[in-house]
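Morning, everyone. Please have the sequence and the structure up on your screens. I'll keep this short.

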Amino acid sequence: MAAPTAPVSAPVAMNRLTADDDLFLKLHDLYGNAIVNQVAWRFDAPVDPAVLAGLHAQLAHGFLARRVRTTTVPLARPWWVRAEYSLALGRDTEPIPENGVLDWFLAQTRVDFDPVAGRVWRLSAAPTTTGGTLLSLVTSHVGADGGAVLYALGDALYRIDTGAAPSAADGSGALVGGTPRDGLYRRHFADAAAQITAAARGVRAAVAARAVTEPARNPRPEAPALDLPETYAPADLVVEVPLAEWNSVAAAHGGTANGLMIGVGVGVLGRSGRIADGARVRVDIPHSMRGPDDPRGNATTGLPIAVPYRAGERTDLALVRAAIKQAARAYADPATTPALQHLQPVQMMLPRFVLGYFSRTAKAPECLCTNLGETGRAVATIGGVRARTVLMRPVVCAGPTELFRRIEVGLNLSWSSDGDTVTLAVTGADPDRFPSRAALRECVAAEFAAWGLDPVFWS
């Protein structure tokens, strides 16, 4: 049952959806909750239920507590307002054994989110058989990227530590935005006009950059096609490595922590048979554009690079570092930014049925590598209890097997650290290369061994 939040007077500022918000909203309409984000904590000690209830209350008044409002004015963008309800805190009473931890966290991602109703996040907890606590925060990508989730959590934990009562007026919830009491249609028509101007500007920039190309992705091999059920749940793994060990291996091979993640990802993809020896893998690297007091739900851009794969060899980390620098320079200049990137205002104007038509040929990332940095440190302690591990990851949810084949989903990696330990989440979403967690683990274990890394797998 949804729990109502305290009534809050709407601020005057309107917070329109960004192009990324809009894209994720349309994808949600097409595919439902296909992609969600998760923060997962493993505590060796119990966490006071009252503290968890307090965290839920703070989040229910914070940056994540938002819903989408739309208008009938053509081309005017939807906007965010305060959500009046939130999904109740989930409390499992059956203790989770050590070999069931990963399955429990995955089960928490099966949530029926609804951005229009304001159901865009869920907090849940369970005890463990060893006396600890598991805690999960799952969020819809429509309303928040990883940076937004961490901002909301940081504010909520700060308010708990300082004894502040839940409030949207003086916390992160004040940035959600609202509906002005007057002049609403005037604002909508002004926004529609601004969107037309932005679209025209984007088209001109796209035409000017028409010769700029992006790294190509490799077509997904049709064979083998395994005999699989109609519904496929992508294989997921979580591994831990001491941060000092990770950095030492990266430095020994002329790279960075980020480069080693990319090198491991390319190697795993190659070992699976998804790409051929000598191929250049397109790796997409999300990059946060979030600033202080940023009201945007999604404020992330992406840098694509091409990384050569050689069977039996480790990825050249020096080459990866150079490719990232080159891509960053190119995307900082509109003249060298690919044409498609300039067309985001046009994308927002497309009705859902048009996007549905184009989605028939749309492809998912071949290899997506997300570096969240040492963000775990800031949210590791809740109510005075420090988590043994904090995991942040995107989760690709179960869906039709043929859909995964058609959009050619590949491999996703998400790297984060609490300052002592690297936690790497790996999702293999190609049904025929990663039909099970065991198949993915075989590839990951072999690739880590090639780098001299000694991982600990979550069970």
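Cavities, then. The count is two cavities of 30 Å³ or more. Keep in mind that this is a predicted model.

Take the largest cavity. About 90 Å³ of space lies in it. Its lining has 14 residues, and the closest to its centre are Phe43, Glu98, Thr128, Thr130 and Arg388. Which strands supply at least two residues each of that lining? Strand E3 does, and strand E9, residues 133–140, does too. By class, the lining of the largest cavity splits into five nonpolar, five polar and four charged residues.

Now the second largest cavity. That one holds about 30 Å³ of space. Lining it are Thr389, Val390, Ser416, Ser417, Asp418, Thr421 and Thr423. Two or more of the lining residues come from each of E17, strand E19 (411–417) and strand E20 (421–428). The split for the second largest cavity is one nonpolar, five polar and one charged.

Stay with E17. The strand runs over residues 389–396, and eight of its eight residues are buried, so E17 is largely enclosed by the rest of the structure. What about its two faces? Both are covered. On one side sit Thr389, Leu391, Arg393 and Val395, and on the other Val390, Met392, Pro394 and Val396, all buried. Two of those names, Thr389 and Val390, also appear in the lining of the second largest cavity.

Which way do E3 and E17 pair? Antiparallel, over eight bridges, with E3 covering residues 35–43. One position to click on: Trp41 has Val390 of E17 as its bridge partner.

Next, a sheet. This one is open, has three strands in the order E2-E5-E4, and pairs antiparallel. Its edge strands are E2 (15–16) and E4 (66–69), each pairing on one side only. E4 meets E5, residues 79–82, over four antiparallel bridges. Within E5, Trp80 stands opposite Val68.

Last stop, a helix. Ile196 is found in helix H5, which spans residues 184–208. Buried or exposed? Neither: Ile196 counts as partly exposed because its relative accessibility is 47%, and that value falls between the 20% and 50% cut-offs. Leaving aside residues up to four places away in sequence, Ile196 touches Leu75 and Met349. Look at the Leu75 contact. Ile196 and Leu75 are 121 residues apart in sequence, yet their C-alpha atoms are 7.9 Å apart in space.

That's my tour. Over to you.

Definitions and conventions: Residues numbered from 1 in each chain as written. Predicted model: local features only at pLDDT ≥ 70, side-chain atom pairs only at ≥ 80, totals over all residues. Heavy atoms only, no water. Buried < 20%, exposed > 50% of the residue type's maximum accessible area, 1.4 Å probe, protein only. Contact = heavy atoms within 4.5 Å. Pairing = 2+ DSSP bridges. 1 Å grid on protein atoms, 1.4 Å probe; cavity = no way out; pocket = protein on both sides within 12 Å on 5 of 7 lines; lining within 4 Å. Points joined across faces, edges and corners; volume = space filled by probe spheres on them. Nonpolar A, V, L, I, M, F, W, Y, C, P; charged D, E, K, R; others polar.
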